[in-house]
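Here's a quick tour of a protein chain with a ligand in place. Have a look at the model first, then we'll start at the ligand and work outwards.

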Amino acid sequence: MSLVNEIHKRRTFGIISHPDAGKTTLTEKLLLFGGAIQEAGAVKSNKIKKGATSDFMEIERQRGISVATSVLAFIYKDKKINILDTPGHKDFAEDTFRTLTAVDSVIVVIDVAKGVEEQTEKLVRVCRMRNIPMIVFINKLDREGKDAFDLLDEVEQKLGLKVTPLSFPIGMGFDFKGIYNIWEKNINLFTGQNKQTVEDTIAFDDIQNLELDNIIGESHAEELRDNLELVYEVYPKFDQQAYMDGDLQPVFFGSALNNFGVRELLDCFTEIAPSPLPKHAEERLVKPEEPKFSGFVFKIHANMDPKHRDRLAFIKIVSGTFERNKPYLHIRHNKKLKFSSPNAFFAEKKEIVDISYAGDIIGLHDTGNFKIGDTLTEGEQLHFKGIPSFSPEHFRYINNADPMKSKQLSKGILQLMDEGVAQMFVLEFNGRKIIGTVGALQYEVIQYRLEHEYGAKCSYENFPAHKVCWIDDREADPVELKEFLRVKNKFLAKDKEERLVFLADSEFTIQMTQQKYPSVKLQFVSEFE
Ligand code: G4P
């Protein structure tokens, strides 16, 4: 098969949701359709149980599982589907943000009873920033929940999306009868008994047909007709280009647990979701169909075995094909590297493959060569954009608790930061190191891993910062900039790329600083537009 055909077969996407909305369950059902697993319950939940803050066995177990479920690939209707797993736990949100740089589209899962939740808002904001095509799946229709129209309103308002329902529920909760599939023009009746297989659908392109009353009852039929009329009146028609541009989001309803509405979602997804998209490098736009390989590292996973400190670097192939044992240029090190055992992922297994195509994810064994954001090519100087750091929410000084092991500590910290476990900032005026994280759990992970993998001990001390602001001085007035740097001296630090940041202690400080030094722009993301 030609390169172009292979690429057009691929659908690489991520599922995002607030914890407990049903991401794991939906993933599992999708795999079931792909024949990648035989029974429900086979996908291990990639979740850290609530209250597991100090349960290190749980963290370790989690790390093992998340390697296995990092990429779940399967074939469905001749399409190669790559699902990139995104951790639901909010303390690992940074990891999810990075994974979103490697997807070509996203499915957003929302709980019908809870509606739009905090984590969904944050993640969708990142997708919107990048215009990622999104499909919304409203889950748990077998339970009592919010009114469908209210929910659609909520999705539009809280998530800033423009929706078009492609299916619509008939009843809900106890009275849930099924869904009308606007996309395929048929009805799927809910029995609640078919958790493993596909239910039969009844073709129904004329909703006025009185047969409908016989099937779902008069009152449900009337209600459905009214609802659909409203849908057609209020919401725009599906438009492929608008969806691809991130301007319109189709919505499906269903129940992942009951395997209901999932086939509809998957069928529509394979039809409309984008095949691998071009990606911007600093130098130029790189297209997937280009014959020469290029790719970038979006995730690094430490190996489970602490004795061999090797890691798995996850690469998204942006263009061409990646071949085993062929030398590729590591741009940051300006060094050619060969990989004898690149891993590809299939369902929950990983296996060594000879060739992978644009859109695929491969796992490369790494002994410390890679950092998140690194680019590999066949020789061309390319630097892929779009793996920014976001401001952490927690900040602590990190101290060496065992003076005999200071080398190990430094090395450990650097490697953990390369993996993207947290961000480190070095204060300009005294050189002290500050670790910034998205959640408190990371501090325990770092302490534990430093001790078990590097034999180093650390302690923490609170640092009173609220947010990291990257300093954009491209249009700064030199006098104003000088004054800013002098006055804020004690709160200035460098991030891992040696970019200057201001550690602000409150929103108020940020506001005051912006007012006082308007030409010095404070940014909350490390990559500037
Ligand atoms: P997550 O990955 O988004 O965090 O959610 P997950 O799939 O683990 O689902 C969270 C809970 O919601 C699970 O129940 C799951 O069974 C349930 N669930 C998922 N889809 C549906 C649905 O369509 N209807 C109903 N009624 N429930 C659904 P749990 O009790 O927390 O876990 P478990 O003991 O069932 O594994």
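## Around the ligand

How far does a polar side-chain atom of Lys 140 lie from an oxygen atom of the ligand? The distance is 3.0 Å, and keep in mind that this is a predicted model. Two other residues also put polar atoms by ligand oxygens: Asp 20 does it with a backbone N or O atom, 2.6 Å away, while Ser 255 uses an N or O atom of its side chain, at 2.6 Å. On its own the ligand would expose 710 Å², and the protein buries 68% of that.

Zooming out a little, the ligand has 17 residues around it, and Asp 20, Lys 23, Thr 24, Thr 25 and Ser 255 are the closest. Sorted by class, that shell holds seven polar, six charged and four nonpolar residues. The biggest contributor is helix 2, residues 23–33, which supplies three residues.

## The chain as a whole

You'll find 14 helices and 31 strands here. Of the 529 residues in the chain, 56% are buried. If you take the contacts between residues at least 6 apart in sequence, 72% of them link residues at least 24 apart. The chain's accessible surface is about 22,900 Å², with 50% of it belonging to carbon and sulfur atoms.

## How far to trust it

The average pLDDT for the chain is 87, and 89% of the residues score at least 70. Residues 45–54 are a weak spot, with pLDDT below 50, though the model gives this stretch 25 contacts beyond near neighbours in sequence. Where pLDDT is low, the predicted coordinates shouldn't be read in detail.

Terms used:
Residues are numbered from 1 along each chain as its sequence is written. This is a predicted model: local features need pLDDT of at least 70, side-chain atom pairs count only at pLDDT 80 or more; totals for chains, interfaces and linings use all residues. Side-chain values use heavy atoms; hydrogens and water are left out. pLDDT is the predictor's confidence in each residue, from 0 to 100. Contact means heavy atoms within 4.5 Å. A residue is near a molecule or strand if one of its heavy atoms lies within 4 Å of it. A polar contact is a pair of N or O atoms within 3.5 Å; within protein, one must be able to donate a hydrogen and the other to accept it, and residues adjacent in sequence count only if both atoms are side-chain atoms. Accessible areas come from the Shrake-Rupley method with a 1.4 Å probe; for residues, only the protein chains shown count as cover. Helices (H or I, at least four residues) and strands (E, at least two) are DSSP runs, numbered from the N terminus. Ala, Val, Leu, Ile, Met, Phe, Trp, Tyr, Cys and Pro count as nonpolar, Asp, Glu, Lys and Arg as charged, and the others, Gly among them, as polar. Buried means under 20% relative accessible area, exposed over 50%, partly exposed in between (1.4 Å probe, protein chains only).
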